[in-house]
Amino acid sequence: MNGAVCRLLNRPARCIIGQGDDTLFGPEMARMTRAGDLAVFEEHQRFVSEERIGDGIYHTTKLPLVRGEEVYGLCGITTNITPSKQAEESLRIAAIVFQSGEGMCVLGPDALIVEANEAFGRLHGCPPQELAGTPLPAFSLAQEGEDYRERMWDAVRADRSWQGEVWTRRRNGEAYPAWLTVSAVRDAAGVLTNFVCTQSDISAQKQADEQIVQLAYFDPLTSLPNRRLLYERLGHCLRQHGRNGRVGALLFLDMDNFKDLNDSRGHVVGDHLLQQVAARLQTCARESDTVARLGGDEFVILLEAVGADDAEAQRHAETVGEKILAALREPFEVAGAIYHATCSIGITLCSGQEQQLDDLMRRGDLAMYEAKRHGRNTLRLFEPSMELEVTYRTVVESELRAALLGSQFVLHYRGQVDGRGTLTGAEALVRWQHPQRGLVGPAGFIAIAETSGLILPLGRWVLRTACQQLALWAAAPATAHLTLAVNVSVRQFLQPDFVAETLAILHESGADPARLKLELTETLMIEGVEETIGKMRALREHGIRFSLDDFGTGYSSLSYLKRLPLDQLKIDQSFVRDVLDDPNDASIARSVVALGKSLGLGIIAEGVETEAQRSFLAGIGCDNWQGYLFSRPVDARTLEELAA
C-alpha cells in the first residue's frame with residue numbers, strides 16, 4: 001500500500017497489512033469488495049466500481065497480478081471522486097430546475113440571452129432557440145408604460161438583483177402581466193459573468209385579485225360600488241370638503257312598489273329591472289360621482305364638491321334628483337313586457353369632517369322615506385325636524401310596548417242615539433293613560449302602533465275588553481239592549497287567524513255576538529276584498545254585524561260595496577262638519593243616505609255637534625247619530641248612567 005491508503009483508512013501501515021476487509025471496512029462492505037476480488041481472481045479481468053467509503057465516493061480499479069497463467073494477487077487503485085460527483089449532481093439539479101415550468105434564461109455580461117428554457121420560450125410565443133443572442137424582451141411597469149429595461153439593468157449592476165411586477169408582450173403582440181426576477185452572477189474574483197432571469201405569467205393571479213376586489217367592493221348584480229366602497233369614498237369626500245370648504249350631497253333612492261314586481265313576476269325579472277335602473281342612474285351622474293347599490297332596490301348617489309355653499313349644493317342635488325326621476329319614469333322593457341317604474345329620493349348635504357358617515361346615511365334614509373310619505377315619485381331634502389319626528393316615534397313606540405305590559409290602556413265609549421233620542425249603543429274608543437302625559441287620545445299613538453305592528457296586540461286587547469264590557473251590560477236591564485262598535489284595523493282584520501281569534505274572545509267573555517259591531521274602513525276593499533268578504537261572512541254567520549266607517553273618504557267602489565255583507569254605513573264627520581254651509585258636503589250626505597237605503601243598510605252620522613246638523617240629517621233620512629251633541633266619550637259607568 002501507499003501512504004494514501006493509510007490516510008484514507010486513518011491507520012498506519014502495520015495496522016493494515018495482514019488484515020481482512022471485515023476488519024478494515026466492516027462486514028457489509030466486505031461482502032461487496034469480496035465479490036469484486038473473486039471476479040478478478042476467477043475471470044482474470046479488471047474490475048471497476050464506485051464505492052462509498054465514509055462520506056466520500058471513490059473510483060476503484062482492481063487488476064489481476066499474473067505469473068505465467070496463474071493469478072497470484074491483485075492490485076487495487078482507488079481515486080476520490082467526491083468533488084466531481086457533487087458537481088455532476090449540481091448540474092443535474094440545475095438542468096431540472098432550468099427545464100421546470102417557470103420561464104428562465106441566462107444572459108451574458110452584455111445582457112444578451114445565452115440560453116432560454118422551453119417555458120421562457122412559451123411565455124414569449126417562440127422557440128427558445130430563437131431568443132439566443134437577443135436582448136431581454138421589453139417590459140414596462142404599467143400596461144401602457146415606457147420601456148423599463150435600462151433602469152432595471154442599472155439596478156441589477158448596482159444591487160446584484162431586481163424583481164417586480166411588469167407588463168410585457170408575446171411575439172404576437174398580446175400584453176400580459178408577469179413577475180420578473182433578475183440576478184447578477186459573479187466569479188470568485190467578483191467579475192460579472194452572467195445574468196439569470198426568471199419570469200412567470202401572473203394573469204390568472206391578477207384576475208383572481210380583481211375578482212376578490214370586485215366581490216369586496218362591488219355589487220355582483222349591477223357591478224356598481226357596494227356599501228363598503230361607498231363608505232370609503234364618502235369618508236374621502238368629507239375629508240376633502242373639510243379642507244377645501246366645498247359641499248357635496250348624498251341622494252338616497254328607493255324604487256316605488258318594487259316588491260309588487262318581484263311578487264308578481266319573480267326575482268329574475270326584478271333583477272333585470274334593477275340592472276337597467278343602475279345603467280340609467282349612471283347616465284345621470286358625472287364620472288367623478290359614485291352611484292352605489294346598498295342592496296334590494298336601494299341606491300345611493302354621492303355627488304362630490306357640487307357647491308361652494310349649502311344653497312348651491314342643494315340646487316345641484318335637486319337638479320340631479322329631478323333628472324333621475326325623469327329618467328326612471330321612462331318605460332322599461334323587462335322580460336318582453338313594458339314596465340313603468342318610479343322612485344322616491346331623499347337628499348342630504350355633506351360638507352366636512354365633523355359629520356359622521358352613519359349620521360349622513362341615516363339622514364338620507366329619513367329624507368327618502370319622507371318622499372315616500374308625500375306620495376312617492378318625488379324627492380325631499382333632509383330637515384332636522386325629520387330626526388325629531390323619528391326620535392319621537394321611537395320613544396312613543398318604546399312607551400307603547402311598556403303600556404301594553406303595564407295595562408295603561410282604557411276604553412271610553414261614545415254614545416249612539418236614534419231618532420227618538422234613545423241611547424242604542426256606543427262606539428269603543430281606546431285611550432292611553434300615560435303616566436306622565438295623562439290621558440292620550442288615539443291620534444297620539446294609533447299611527448305609530450300601526451307602523452310598528454303593535455296595533456295587533458293593542459287591537460286584541462280592545463276587542464277583548466269591549467266584549468267583556470258587553471257581557472257586563474247584558475246582565476243589567478238598563479244596558480242589555482246596547483250594541484258596541486269596535487274599530488278593527490286593516491292589518492288586524494287581514495291576520496289569518498282573525499276569525500278564530502274573534503270567536504274565541506266572544507266565547508271566553510260570554511258576550512252576545514249580535515250586540516258586537518265591527519267597524520271596518522274602505523281600505524280593506526283595496527288590500528284584500530275577496531279575503532275581506534270571506535271573513536265577514538264567516539263572522540256574520542255567528543251574528544256579528546258590520547259597519548263601514550268613514551264612508552266616502554276612501555275607495556268607495558260601488559261594485560265591491562254591494563258585495564260586502566254590511567249592516568250599516570257611517571257618514572264621516574268631515575262631511576257632517578260643514579253640511580249646513582257647503583253644498584257639496586250636503587250633496588254627499590244625501591247620496592250616502594240614499595245609497596245606504598237602496599242597499600238596505602242602516603245609516604249613522606258621526607261628529608254631530610249642533611241641533612241644526614241633527615235636524616238636517618234627520619230631514620234627509622239619517623236617524624242615527626253620535627257626537628258631542630249627545631255625549632262626549634265617557635267611561636263605562638258614566639255611559640250606564642246615561643242609559644238608565
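A residue is called buried when its relative accessible area is under 20% and exposed when that area is over 50%, with partly exposed residues in between. The legends below describe close-up views of a predicted model.

**View 1. The aromatic neighbourhood of F445, a residue buried at 0% relative accessibility**. Because 0% falls under the 20% limit, F445 counts as buried, and F409, with a relative accessible area of 6%, is buried as well. The rings of F409 and F445 have their centres 5.7 Å apart and their planes at 50°, so this aromatic pair is described as tilted. The pair links distant parts of the chain, since F409 belongs to strand β17 (residues 409-418) while F445 lies in the loop between β19 (438-440) and α14 (446-452), 36 residues apart. F409 and F445 also belong to one aromatic cluster, together with W432 and W461.

**View 2. A tilted aromatic pair formed by Y148 and W162**. A search of the whole structure finds eleven aromatic pairs, and in this one the rings are 6.0 Å apart from centre to centre, with 40° between their planes. Y148 lies in the loop between β6 (139-140) and α6 (149-159), whereas W162 is in strand β7 (residues 161-169), so the pair ties together parts that are 14 residues apart in sequence. Y148, at 18% relative accessibility, counts as buried, and W162 counts as buried at 15%.

**View 3. Arginine side chains over the rings of Y72 and W432**. The charged end of R67 sits over the ring of Y72, at a distance of 4.2 Å from the ring centre. In the second example, R437 lies over the face of W432, 5.6 Å from the centre of the ring, and W432 is itself a member of the aromatic cluster that includes F409 and F445.

**View 4. An open sheet of five strands with mixed pairing**. The strands follow one another in the order β11-β12-β10-β15-β16, and the edges are formed by β11 (290-295) and β16 (379-381), each of which pairs on one side only. Neighbouring strands of this sheet are turned by 20° against each other on average, when direction is ignored.

**View 5. Strand β10 with its partner β15 and the helix α10**. Strand β10 (residues 247-255) pairs with strand β15 (residues 343-350) in the antiparallel sense, over eight bridges, and L250 stands opposite T348 in β15. Helix α10 (residues 267-283) lies across β10, β11 and β12 (298-307), and it runs at about 5° to β12.

How values were computed: Residues are numbered from 1 along each chain as its sequence is written. This is a predicted model: local features need pLDDT of at least 70, side-chain atom pairs count only at pLDDT 80 or more; totals for chains, interfaces and linings use all residues. Side-chain values use heavy atoms; hydrogens and water are left out. Rings of Phe, Tyr and Trp (its six-membered ring) pair if their centres lie within 6.5 Å; planes under 30 degrees apart count as stacked, over 60 as edge-to-face and the rest as tilted. Helices (H or I, at least four residues) and strands (E, at least two) are DSSP runs, numbered from the N terminus. Buried means under 20% relative accessible area, exposed over 50%, partly exposed in between (1.4 Å probe, protein chains only). A charge sits over a ring if NZ of Lys or CZ of Arg is within 6 Å of the ring centre and within 35 degrees of the ring normal. Two strands pair if DSSP finds at least two bridges between them. Axes are lines fitted to C-alpha atoms, for helices over the stretch in contact, and angles run from 0 to 180 degrees between N-to-C directions. Contact means heavy atoms within 4.5 Å.
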